[in-house]
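Dear colleague,

I am passing on to you the structure shown here, together with some notes on what was found in it. Please read the notes with the structure open beside you.

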Amino acid sequence: MAVIKPTLTLTSNASTATTDAGPLSIALSLSATDSLTVDTVEAATITPTTTVSTLFDGSTKDIGSEVAGTNGGFIYFKNTSAADHDVYIGIEAHSASATELQGNADAQRLFTLKQGEFAFFPYDYNMDITVDAEDNAATLEYFLFNRG
Amino acid sequence: MARYITPTLTITSNKFSATSNPGPTSSPINISISDLLDVTQVDSNIVTVSTTGATLLTATNYTSGTTEGTDGAFIFLRNLTEGLATTADIYIGHNVTNPELTSGAGDEDRLMTLKPGEFAFFPWDMEANLNVDASAAADDALEVIVFVRTGTA
């Protein structure tokens, strides 16, 4: 088994700061770190298009087992687009076809990553992860660390 | 007036051949990313969890609009039960109506499991509720911080 160590810090200045004022009257300094046991790693930088596609088919991961806390992985996403192109991340049932993620009232769209934004979260393989983009020039970097 | 937070994430590992805490690849991994995010409202809460599903964050409490990249928030979640007498795996789901999440296969509403000590940081477009369920009842088990994107209607 192998180990990765993610560390997240969240900081902000007080709201009275003259530069990059924060949202609270006090400065914020939060830190979280962990040691995660993993085995395989998938990584790539892809060019999602304005047509939705399936990025991760959860039913093919860990030979389709989906036991909470045992089967799953940790996803790192970063919108690496060279220009201001949003990337949309969605979820879809294994049995369903991926549906477009751009537009209002789309319960399949989990989040939008604007240029330079990132995310790190566990993923249980119970559903598929889909990807869509505002522009065909958008790029997305991902790492999927499989729970060991 | 714009208000900012700065999240910074690093993910590191040793190379696979390391004698202590070997990593998953033949070369070390060293990912480092930081960003400056424009936010307004901040909601912070420590939540008690149980084996009955519940709505954690109700999308309509934050916005009546769902424009991608405009309406939304950044979510920080952390399972606080590590080292406690009662630990729990905490399940997070993304669904409009059904907050009940099970630990087994086939629950297509369960997005992630946070084991004790694990955390997550991700945007949320408020297109559906975020729901919570757990493998055991535990008081003050889940830290939840919501940073609402500036521009959210």
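What follows goes through the contact between the chains, then a sheet and the domains of chain A, and finally a strand and a loop residue of chain B.

Please keep in mind throughout that this is a predicted model, and that the values below are computed from it.

The contact between the chains

Between the two chains, the contact takes in 60 residues of chain B and 59 residues of chain A. On the chain B side, at least two residues each are supplied by E1, E2, strand E3 (37-49), strand E5 (73-79), E6, strand E7 (110-114) and strand E8 (119-124). The strand that gives the most to this side is E1(B), which contributes 11 residues. Sorted by kind, the residues of chain B that touch chain A comprise 29 nonpolar, 19 polar and 12 charged.

E1(B) is also paired across the chains, since strand E1 of chain A (residues 2-12) and E1(B) run antiparallel to each other and are joined over seven bridges. If you would like a place to begin looking, Leu8(A) has Leu9(B) as its bridge partner in E1(B).

A sheet in chain A

In chain A, four strands make up an open sheet, in the order E4-E9-E6-E7, with antiparallel pairing. Why is one side of strand E4 (53-56) and of strand E7 (109-113) left without a neighbour in the sheet? These two strands of chain A stand at the edges and each has a single partner strand, so there is no neighbour in the sheet on one side of each. From one strand to the next, the twist averages 30°. For E7(A), four bridges join this strand to strand E6 (residues 87-92) of chain A, and the two run antiparallel; within E7(A), Leu113(A) is the bridge partner of Val87(A).

The domains of chain A

Chain A is divided into two domains, with domain 1 covering 1-34 and domain 2 covering 38-147. Their centres, taken over C-alpha atoms, are separated by 25 Å. The contact between them takes five residues from domain 1 of chain A and four residues from domain 2 of chain A, and on the domain 1 side of that contact the residues divide into five nonpolar, no polar and no charged.

A covered strand in chain B

Turning to chain B, strand E9 (residues 130-134) is mostly covered, and five of its five residues are buried. Which residues lie on each of its two faces? One side of E9(B) carries Leu130(B), Val132(B) and Ala134(B), the other carries Asn131(B) and Asp133(B), and all of these are buried.

E9(B) pairs with strand E4 (residues 54-57) of chain B in the antiparallel sense over three bridges, and there Leu57(B) has Leu130(B) as its bridge partner. E9(B) also pairs with strand E6 (residues 90-94) of chain B, again in the antiparallel sense, over five bridges, with Val132(B) as the bridge partner of Ile92(B).

A loop residue in chain B

The last point concerns Ser27(B), which is found in the loop between strand E1 (3-13) and strand E2 (29-34) of chain B. Is Ser27(B) buried or exposed? Ser27(B) counts as exposed because 11 other C-beta atoms lie within 10 Å, and a residue is taken as exposed at 12 or fewer. Ser17(B) and Ser27(B) are 10 residues apart in sequence, and from C-alpha to C-alpha they are 8.8 Å apart in space.

With best regards

How values were computed:
Residues are numbered from 1 along each chain as its sequence is written. Chains are lettered from A and ligands numbered from 1 in the order in which they are written. This is a predicted model: local features need pLDDT of at least 70, side-chain atom pairs count only at pLDDT 80 or more; totals for chains, interfaces and linings use all residues. A residue is buried if 20 or more other C-beta atoms lie within 10 Å of its own, exposed if 12 or fewer, and partly exposed in between; C-beta atoms are placed from the backbone. Two strands pair if DSSP finds at least two bridges between them. Two residues are in contact if their C-beta atoms, placed from the backbone, lie within 7 Å. Ala, Val, Leu, Ile, Met, Phe, Trp, Tyr, Cys and Pro count as nonpolar, Asp, Glu, Lys and Arg as charged, and the others, Gly among them, as polar. Domain bounds come from an automatic or database domain assignment. Axes are lines fitted to C-alpha atoms, for helices over the stretch in contact, and angles run from 0 to 180 degrees between N-to-C directions.
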